[in-house]
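This briefing walks through a protein model by topic, beginning with how its strands pair and moving on to how its helices pack. Please keep the sequence and the structure open beside the text as you read.

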Amino acid sequence: MFVRVQSFAVLGVAAVPVQVEVDVGNGLPAFEVVGLPDSCVREARERVRAAIRNSGADFPARRITINLAPANLRKVGGGFDLSMALGILAATGQIPGIRLQGLGIAGELALDGAIRPVPGLLAIGMAAAALNCRGLLAPAAVAAEAALAGLPVLPAAELAQVLSWLRSGGEPSPVPAADQAPVADPPADLAEVYGQVVARRALEVAAAGHHHLLLLGPPGVGKSLLARCLPGILPPLNRPEALEVTRIYSAAGQDPGGLIVHRPFRAPHHSASRSALLGGGSPPGPGELSLAHRGVLFLDELPEFGRDCLEALRQPLEEGAVRLARAGWRLTFPASVMLVAAANPCPCGFAGDTRRLCHCPPGIPERYRDRLSGPLLDRFDLQVRLGSPGSAEWSGAPGEASVSVAARVAAARLRQEQRQGCSNGDLRPRDLHRRVHLRPAAARLLQETLDRLKFSLRARDRSLKVARTIADLAGSTEVEAEHLAEALQYRQS
């Protein structure tokens with residue numbers, strides 16, 4: 001007998017429909033899985049056989065052939081176990097096959113019949129909703145995650161439970177959608193930062209305009225602390241952005257614990273490989289750049305990262321996406337991030353410092369700075385040099401709290417949205433400042449600066465965008481000379 005069951009394969013951060021075609025016929029007992037399965041999918045034969053027997057059903061001593069269509073798509077992971085088992089039981093008449101029609105199925109089986117979670121369940125739920133499935137049968141432990149996609153999700157903890165309600169004609173109640181995910185690591189507050197007025201201002205401008213920021217200075221001056229304050233002044237994710245970010249974490253196998261509404265902050269170690277930053281691997285999954293989508297990617301000790309890793313960031317920072325091509329697949333991972341980097345001026349960290357002497361041999365600071373290429377530095381909209389704060393700054397009053405800065409950032413972003421006529425979530429960051437109107441004095445200042453400093457076209461464009469952001473923070477409809485002057489100062493640090 002032949003039965004077709006609907007399942008899904010997670011590819012990157014999205015899911016694609018996969019038809020699980022089961023044929024049980026006469027012949028010597030055999031169990032074959034075809035359709036380009038990987039070793040994990042081929043091993044499903046033993047998991048399915050044991051799970052069926054331990055759930056009180058009969059495993060047929062007949063020839064079983066399962067095809068995972070389309071055949072040209074490599075299938076990975078254990079998410080097809082449950083659909084295979086139900087297909088075999090339907091094909092042998094142990095459960096009514098009509099109950100499986102229009103139902104999406106995903107889940108991994110344990111040998112005792114327990115149904116285990118699979119990564120990418122939110123992406124699977126979205127794919128099932130796009131396919132107009134009447135519901136999704138999913139592992140009970142993560143069923144609420146799939147319910148965020150907006151379709152009925154039927155929770156199942158073990159195979160015996162599924163067989164019981166399929167035979168009885170009933171169904172479990174759909175689970176409600178997951179709640180908001182808790183904040184695992186609350187951001188630091190800007191009130192903890194003493195002094196560093198220029199750097200604090202640059203952080204506010206970066207947050208308001210989604211600009212990349214480079215902090216340069218000796219160790220211990222607050223570069224990392226400033227970066228960790230950034231999520232606290234960014235507006236929360238809207239609903240489409242939150243679903244997008246949650247889907248990425250789900251596909252990466254990192255249980256989001258609910259709907260992620262706070263902007264992510266990722267800080268990989270400088271020993272991270274290129275695939276860890278950009279994504280890939282086997283099976284291909286998102287890297288740190290995509291896990292920071294709609295949030296902040298912080299690269300501390302920037303010159304210590306591998307040269308190939310840093311240069312590979314250049315195109316994704318421009319396009320807002322990582323495009324990977326390997327033998328057999330091409331994937332696009334979302335990567336619209338704010339890049340914040342911190343760097344010391346030399347290996348010892350004190351080159352140019354007025355309080356401590358640099359102990360590096362001659363030529364070493366220059367070679368250390370040369371680890372960062374010109375094209376990469378050109379992509380930082382704001383470049384700020386921090387100095388060691390004096391005793392007056394340490395003993396003075398703390399800085400302005402994040403809540404006050406966040407209110408100004410939210411107001412500036414609202415002006416940008418109103419100017420473009422759509423929500424921030426629908427805009428590419430580079431589109432937020434597409435039309436920049438300069439006052440005559442500002443236009444003259446720009447031309448004089450370009451002639452004197454020989455800016456590249458990218459530097460000119462990014463300076464205009466920063467100036468537009470500064471004008472938005474000031475509530476100005478046009479870019480004045482003082483707005484442009486502040487923006488240009490961040491390019492000369």
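Two strands are said to pair if DSSP finds at least two bridges between them. With that in mind, β1 and β2 form a hairpin with two residues between them, and Gly12 in the turn has a positive phi of about 75°. The model described here is predicted, and every value below is computed from it.

**Strands near the start of the chain**

- Strands pair through backbone hydrogen bonds, and the pairing may be either parallel or antiparallel.
- In the hairpin, strand β1 (residues 2–11) and strand β2 (residues 14–25) run antiparallel and are joined by ten bridges, and within this pairing Phe8 of β1 stands opposite Pro17 in β2.
- Strand β2 also pairs with strand β4 (residues 63–69), again in the antiparallel sense, and here seven bridges join the two.
- Two positions show how β2 and β4 line up: Glu21 has Asn67 in β4 as its bridge partner, while Val24 stands opposite Ile64 in β4.
- Strand β4 pairs with β3 as well, but in the parallel sense and over five bridges, and in this pairing Val34 stands opposite Asn67 in β4.

**The five-stranded parallel sheet**

- What is the order of the strands in the open sheet of five? The order is β11-β14-β17-β10-β18, and the pairing is parallel.
- The edge strands of this sheet are β11 (265–266) and β18 (382–385), each of which pairs on one side only.
- Strand β10 (residues 213–216) runs parallel to β18 and is joined to it by four bridges, with Leu216 standing opposite Arg385 in β18.

**Helix packing around α3**

- Two packed helices are described by the angle between their axes and the distance between the axes.
- Helix α3 (residues 81–91) packs against helix α6 (residues 159–168) at an angle of about 45°, and their axes are 12 Å apart.
- Why are α3 and α6 called oblique to each other? Angles of 35 to 65 degrees fall outside the ranges for roughly parallel, roughly perpendicular and roughly antiparallel, and so they count as oblique; the angle of about 45° between α3 and α6 therefore makes the two helices oblique to each other.
- In this crossing, which is right-handed, Leu82, Ala85, Leu86 and Leu89 of α3 make the contact with Leu159, Val162, Leu163 and Leu166 of α6.
- By class, the residues of the contact of α3 with α6 are eight nonpolar, no polar and no charged.
- Helix α2 (residues 44–54) also meets α3: the axes of the two helices come within 10 Å and cross at roughly 55°, and α2 and α3 are therefore oblique to each other.
- The crossing of α2 and α3 is right-handed, and in it Ala44, Arg47, Val48 and Ile52 in α2 meet Asp81, Met84, Ala85, Ile88 and Leu89 in α3.
- The contact of α2 with α3 has seven nonpolar, no polar and two charged residues.

**The pair of helices α19 and α20**

- Helix α19 (residues 457–474) and helix α20 (residues 481–489) have axes that come within 8 Å and cross at roughly 130°, and these two helices are therefore oblique to each other.
- Helix α19 passes α20 in a right-handed crossing, and the residues that make the contact include Leu464, Val466 and Ile470 of α19 together with Leu484, Ala487 and Leu488 of α20.
- The residues of the contact of α19 with α20 divide into nine nonpolar, two polar and one charged.

**Aromatic rings and backbone details**

- A pair of aromatic rings is described by the distance of the centres and the angle of the planes.
- The count of aromatic pairs comes to two, and one of them is the tilted pair of Phe31 and Phe59, which is 5.9 Å centre to centre with 40° between the planes.
- This pair links distant parts of the chain, for Phe31 is in strand β3 (residues 30–34) and Phe59 is in the loop between α2 and β4, 28 residues apart.
- A cis peptide bond, with omega at about 10°, joins Ala69 and Pro70, and Pro70 is found in the loop between β4 and α3.
- Leu36 has a positive phi of about 60° although it is not a glycine, and its place is in the loop between β3 and α1 (39–42).

Conventions:
Residues numbered from 1 in each chain as written. Predicted model: local features only at pLDDT ≥ 70, side-chain atom pairs only at ≥ 80, totals over all residues. Heavy atoms only, no water. Axes fitted to C-alpha atoms, helices over the stretch in contact; angles between N-to-C directions. Parallel < 35°, antiparallel > 145°, perpendicular 65-115°, else oblique. Left-handed = near helix turned anticlockwise from the far one by under 90°. Contact = heavy atoms within 4.5 Å. Nonpolar A, V, L, I, M, F, W, Y, C, P; charged D, E, K, R; others polar. Phe/Tyr/Trp six-rings, centres within 6.5 Å; stacked < 30°, edge-to-face > 60°.
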